[in-house]
Amino acid sequence: MASPEHDLDPVLDPVLDKDGVRLTVDDAIATVTLTNPAKRNAQSPALWRALTEAGRLLPGSVRVVLLRAEGKSFSAGLDRQAFTPEGFDGEPSFIDLARGGDAELDATIAEYQEAFTWWRRSDIVSVAAVQGHAIGAGFQLALACDLRVVADDVQFAMRETSLGLVPDLTGTHPLVGLVGHARALEICVTGRFVTAQEAVSTGLANLAVPLDQLDGAVRDLTSAILAAPRSAVIETKALLQGVQGRSLEEQRAAERAAQARRLRDLAGLGE
């Protein structure tokens, strides 16, 4: 079987390359790569800040953002150094955070969460290519994306509860939306592995393929997304994102309004 060293983008000068994150842009496609395979792409506050910066650096031409990872594992989750008294160099340790005030602790976690929120912007479609382990923060990062294509060796797990914590990197909302309350609760409180077959059958993943076909499957999906007019994709994503907060009648009205905008644009009558 081929090594999971991806070749999704040609040789490009990185827009960003720091703290385990590399961003490259090829016209309408941006690729965000986790680049610390020696540590199974374990995550840290510095990595989260780099992910947030990557989102801010996206040029307006980008329509699809691909998230991938070097090595055998997508991400083993939070770097265990975070649980030591010393924590990370230049960062508050978990003990320091716990000793701080409520407002300070809330602001710090909110900053961390920013790395996981921009993937849902309505002007882009984000696609995670996931192989091997996607644990805890790794699982939540994959859940941050709109779509997930997984290799047949993928193993998702939410291990925060077993460590005495809760999933706090925005993963709970999409998880419940994809698999429902009961299964989401069971996945989180048991910390068990979710394999590729279950991921597809429950809606966690859009597609599972052999590891050596992961790049090709992501390329095909990206091409299909780019084949549709950008404005229609943006309107459709925004329309679907609002479903959970609307009644049927409100969604019907939102559909009518969105379609009216599209028809006017197609007729050259848009604002």
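Biologist: In this predicted model, what makes helix H9 (residues 230-241) roughly antiparallel to helix H10 (residues 248-266)?

Modeller: Happy to show you! H9 and H10 pack at an angle of about 170°, and their axes are 11 Å apart. Angles over 145 degrees count as roughly antiparallel, so H9 is roughly antiparallel to H10.

Biologist: Which residues make that contact?

Modeller: From H9 come Ser 231, Ala 232, Glu 235 and Leu 239, and from H10 come Gln 251, Ala 254, Glu 255, Ala 258, Arg 261 and Arg 262. By class, the contact holds 4 nonpolar, 2 polar and 4 charged residues.

Biologist: Why are strand E1 (16-18) and strand E10 (207-209) called edge strands?

Modeller: Each of them pairs on one side only. Their open sheet has 7 strands in the order E1-E2-E3-E4-E5-E7-E10, with mixed pairing. The twist averages 15° from one strand to the next.

Biologist: How do you know that strand E2 (residues 21-26) and strand E3 (residues 29-34) pair?

Modeller: Pairing needs at least two bridges, and E2 and E3 have 6, in the antiparallel sense. Within this pair, Leu 23 stands opposite Val 32 in E3.

Biologist: What lies on the sheet as helix H8 (residues 214-227) does, and which strands does H8 touch?

Modeller: H8 touches E3, E4, E5, E7 and E10, and its direction makes about 160° with that of E7. Helix H4 lies across E3, E4, E5 and E7, running at about 145° to E5.

Biologist: Which helix gives the most to the largest nonpolar core?

Modeller: That is H4 (residues 137-144), with 6 residues. The core has 53 residues, and those with the most contacts inside it include Val 32 and Phe 156.

Terms used:
Residues numbered from 1 in each chain as written. Predicted model: local features only at pLDDT ≥ 70, side-chain atom pairs only at ≥ 80, totals over all residues. Heavy atoms only, no water. Axes fitted to C-alpha atoms, helices over the stretch in contact; angles between N-to-C directions. Helix = DSSP H or I, 4+ residues; strand = E, 2+ residues; numbered from the N terminus. Parallel < 35°, antiparallel > 145°, perpendicular 65-115°, else oblique. Contact = heavy atoms within 4.5 Å. Nonpolar A, V, L, I, M, F, W, Y, C, P; charged D, E, K, R; others polar. Core = buried A, V, L, I, M, F, W, Y, C linked by side-chain atoms within 4.5 Å. Buried < 20%, exposed > 50% of the residue type's maximum accessible area, 1.4 Å probe, protein only.
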